[in-house]
Amino acid sequence: SVPLTFFGGIGGAARKGILIKGGNYMDTLAKTGTVVFDKTGTLTKGIFSVSAVHPEKLSPEGLLHLAAHVERYSTHPIAAALREAYPGEHDGCTVSDVQEVAGQGVKAVVNGHAVCVGNERMMEAVGATVGVCEKCQGHVGTVAHVAVDGSYAGHVVIADQVKADAAQAIADLKALGVARTVMLTGDHQQVAYEVARKVGIDETHAELMPADKVAQVERLLRQQLAASTLAFVGDGINDAPVLARADVGIAMGAMGSDAAIEAADVVLMDDKPSKIATAIRIARHTIGIAH
Ligand code: ADP
Ligand code: MG
């Protein structure tokens with residue numbers, strides 16, 4: 001049974017925009033020793049905008065046109081950026097056989113051509129060779145590669161921004177004695193390490209498929225000290241299984257999908273990672289652990 005005082009803690013947290021789904025999580029939250037973050041939409045805003053277009057075939061407009069049409073139905077933040085960058089909406093283009101591959105990208109048939117938009121893994125899967133991009137040297141961004149009928153057509157560079165309170169969020173967790181902060185992402189290593197450096201995350205694992213994220217969390221759970229727990233924080237895009245696997249799953253509520261809110265134990269209504277430390281503080285206060 002759950003002590004009555006826990007309900008006071010739940011109410012106090014709710015007033016701060018932190019929804020805790022039941023008193024059992026007070027205890028689990030209070031003992032948090034590891035916090036694992038998803039990157040996109042969690043530590044970063046998840047609002048991408050196109051910063052460069054580097055075609056190898058086609059014109060820049062032609063490349064954006066294909067990318068925008070392939071991404072027509074995707075809810076991924078990258079898809080939104082590509083659609084926004086190509087304003088000519090429905091220009092008589094036919095799009096069929098749309099197939100979204102989690103952690104890779106989207107495939108579709110556009111005007112009879114097999115078009116793929118996604119990361120290097122997706123290009124590899126369709127046999128398109130990604131060359132070294134001279135124009136991309138020394139700069140960092142998420143890249144959406146495009147292949148047409150299995151041959152490489154170029155890429156679009158997309159930039160996201162670190163959330164204003166992300167570095168503070170990590171500093172607050174360290175001040176509370178949270179021993180380990182980890183970032184898991186499907187994005188490229190370069191982008192991942194840049195974000196981790198900016199926010200002060202200890203440990204980063206990049207280029208992960210959704211199933212790899214679950215495996216990483218399971219590995220971290222095994223390494224966990226007996227009296228401490230692991231929290232995973234995500235926006236729910238591809239990470240509902242990890243939210244469910246962690247001792248405490250924390251979802252970003254405003255951006256997050258219904259699946260994430262369902263799978264999560266704690267929901268942050270305003271998407272601020274700094275609320276994680278607030279939630280731990282409230283939990284410790286509620287169950288009376290002195291820190
Ligand atoms: P994260 O782990 O950063 O939240 P995801 O697991 O959602 O990222 O996606 C991992 C990678 O897969 C992205 O960085 C991107 O390269 C690729 N990807 C996923 N969905 C799409 C899409 N709709 N369009 C293009 N690329 C995508
Ligand atoms: Mg994500």
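**Figure 1. The shell around ligand 1.** In this predicted model, ligand 1 sits among 22 residues, and the closest of them are T40, H76, G105, N119 and G186. Four elements each hand two or more residues to this shell: helix 4 (77–85), strand 5 (105–110), strand 6 (113–118) and strand 7 (142–148). Sort the shell by residue type and you get 6 nonpolar, 12 polar and 4 charged. Look at where the residues come from, too: domain 1 (5–45 + 162–287) and domain 2 (49–159) each supply at least three.

**Figure 2. The two domains and where they touch.** The domain assignment splits the protein into domain 1 (5–45 + 162–287) and domain 2 (49–159). Going by C-alpha atoms, their centres are 31 Å apart. Contacts between the two involve 12 residues of domain 1 and 8 residues of domain 2. On the domain 1 side, helix 7 (residues 189–199) gives the most, with 3 residues. That side of domain 1 breaks down into 4 nonpolar, 6 polar and 2 charged residues.

**Figure 3. The open sheet of 6 strands.** Follow the strands across this one and the order reads 3-8-7-6-5-4, with antiparallel pairing. Strand 3 (49–55) and strand 4 (95–101) are the edges; each has a single partner strand, so one side of each has no neighbour in the sheet. From one strand to the next, the twist averages 20°. Helix 4 packs on the sheet, where it touches strand 3, strand 7 and strand 8, and its direction makes about 70° with that of strand 3. This is the helix 4 (77–85) that also gives residues to the shell around ligand 1.

**Figure 4. Strand 3 alongside strand 8.** Zooming in on one edge of that sheet, strand 3 and strand 8 (residues 151–159) run antiparallel and are joined by 6 bridges. For a landmark, find V50: the residue opposite, in strand 8, is I158.

**Figure 5. The open sheet of 7 strands.** Here the strand order is 1-13-12-11-2-9-10, and the pairing is mixed. Strand 1 (18–20) and strand 10 (203–205) are the edge strands, each pairing on one side only. The twist in this sheet averages 20° from one strand to the next.

**Figure 6. Strand 11 alongside strand 12.** Within the sheet of mixed pairing, strand 11 (residues 229–234) and strand 12 (residues 248–252) make a parallel pair over 4 bridges. A handy place to pick up the register is V233, whose bridge partner in strand 12 is I250.

**Figure 7. Stepping back to the C-alpha trace.** The whole protein holds 11 helices and 13 strands. Its C-alpha trace spans about 65 × 35 × 30 Å along the principal axes. How does the radius of gyration sit beside that of a compact globule with 291 residues? The protein has 21 Å, which agrees with the value near 19 Å that such a globule would have.

Conventions: Residues are numbered from 1 along each chain as its sequence is written. Chains are lettered from A and ligands numbered from 1 in the order in which they are written. This is a predicted model: local features need pLDDT of at least 70, side-chain atom pairs count only at pLDDT 80 or more; totals for chains, interfaces and linings use all residues. A residue is near a molecule or strand if its C-beta atom, placed from the backbone, lies within 6 Å of it. Ala, Val, Leu, Ile, Met, Phe, Trp, Tyr, Cys and Pro count as nonpolar, Asp, Glu, Lys and Arg as charged, and the others, Gly among them, as polar. Domain bounds come from an automatic or database domain assignment. Two strands pair if DSSP finds at least two bridges between them. Axes are lines fitted to C-alpha atoms, for helices over the stretch in contact, and angles run from 0 to 180 degrees between N-to-C directions. Two residues are in contact if their C-beta atoms, placed from the backbone, lie within 7 Å. The radius of gyration is taken over C-alpha atoms; the globule rule is 2.2 Å times the number of residues to the power 0.38.
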